[in-house]
Amino acid sequence: MVDEAAGEDSGLQLLNRCPANALPQLLHEVIDEICGDKDITFNKYENQWNIDEWTTLLIVLKSFIGICAKNDHIPKVNGISQDIHENIEKCISVRSEELHRHLINETCAISETYLKDFDWTVKYVLGSDSMASIKTPLLSLDLELKRVKKSEIVSVEMTKEDLLKLINNLETAYKNMRDLKA
């Protein structure tokens, strides 16, 4: 991790030209762009950098912020002031939840379809038209699946036994995934 960040020192040194009062805004705009909220424009910063330097700075800064967010650690960078380092640290810590959410969504988006959200309710069925007395709890699970540019909701009703099977299968999948990482 430090080696990756160390290779970015020269690009991050371009931050030394940013006025101290504009640095937090620049960092938040870069994080906005990373998270897909809005694009950052060169026009505001053309007095500090030429277009090549700007492009280099954005690439290096996005990469550095991504590495820091992923590893929950901000390494010391040679060639930038302590104030710049503290501003980077503050911006990343303030936006860490948003950055983590983006990293998770980006990782999930590798697959064509992924689980975006879910909602569940428990219903207690007392009876039906064919049986006078059932008295069975049912779980109603709504899965919001995100596909390329569209969402789809899949609804499933499960008995207690079905739910226990699902939980066991998910636990097994989690253990297998954890074993693959190790």
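Buried means under 20% relative accessible area, exposed means over 50%, and partly exposed lies in between (1.4 Å probe, protein chains only). This is a predicted model, where local features need pLDDT of at least 70, side-chain atom pairs count only at pLDDT 80 or more, and totals for chains, interfaces and linings use all residues. Residues are numbered from 1 along each chain as its sequence is written, and side-chain values use heavy atoms, with hydrogens and water left out.

**Exercise 1. Describe the fold of the protein chain along its sequence.**

Step 1. Fix the terms: helices (H or I, at least four residues) and strands (E, at least two) are DSSP runs, numbered from the N terminus.
Step 2. Count the elements. The protein chain has seven helices and three strands.
Step 3. Put them in order. The pattern reads α-α-α-α-α-α-β-β-β-α.
Step 4. Check burial. Of the 182 residues, 30% count as buried.

**Exercise 2. Explain what ties E29 to K44, and classify both residues.**

Step 1. Recall the principle. Side chains of opposite charge can pair when their charged atoms come close.
Step 2. Apply the cut-off: a salt bridge is a side-chain nitrogen of Lys or Arg within 4 Å of a carboxyl oxygen of Asp or Glu.
Step 3. Test the pair. The closest N and O atoms of E29 and K44 are 2.3 Å apart, and the two form a salt bridge.
Step 4. Locate the partners. E29 is in helix α3 (residues 23-34) and K44 is in the loop between α3 and α4, so the bridge ties together parts 15 residues apart in sequence.
Step 5. Classify them. E29 is buried, because its relative accessibility is 12%. K44 is partly exposed at 48%.

**Exercise 3. Analyse the salt bridge between E157 and K123.**

Step 1. Find the distance. The closest N and O atoms of E157 and K123 are 3.3 Å apart.
Step 2. Place the pair. E157 sits in strand β3 (residues 150-158) and K123 in strand β1, so this pair links distant parts of the chain, 34 residues apart.
Step 3. Classify them. E157 is partly exposed, with 48% relative accessibility. K123 is also partly exposed, with 39%.
Step 4. Turn to a network. Salt bridges that share partners join D32, R95 and E98.
Step 5. Take one bridge in that network. R95 and E98 meet at 2.8 Å, N to O. R95 is buried at 10%, and E98 is partly exposed at 22%.
Step 6. Give the total. The structure holds seven salt bridges.**Exercise 4. Characterise the largest pocket.**

Step 1. Define it. On a 1 Å grid over the protein atoms alone, a cavity is a set of points where a 1.4 Å probe fits but cannot get out, and a pocket is an open set with protein on both sides within 12 Å along at least five of seven lines; lining residues have an atom within 4 Å of a point.
Step 2. State the volume. The largest pocket has about 280 Å³, counted as the space filled by probe spheres set on the points, with grid points joined across faces, edges and corners.
Step 3. List the lining. It consists of L115, F118, L139, L141, L143, L163, L166, I167 and L170.
Step 4. Assign elements. β1 (114-125), β2 (136-147) and α7 (160-181) each give two or more residues. The largest share, four residues, comes from α7.
Step 5. Sort by class. Ala, Val, Leu, Ile, Met, Phe, Trp, Tyr, Cys and Pro count as nonpolar, Asp, Glu, Lys and Arg as charged, and the others, Gly among them, as polar. The lining has nine nonpolar, no polar and no charged residues.

**Exercise 5. Say what is unusual about the backbone of D72.**

Step 1. Recall the rule. Most residues other than glycine have a negative phi.
Step 2. Compare. D72 is not a glycine, yet its phi is positive, about 50°.
Step 3. Locate D72. It lies in the loop between α4 (51-71) and α5 (82-94).
Step 4. Classify D72. It counts as exposed at 61% relative accessibility.
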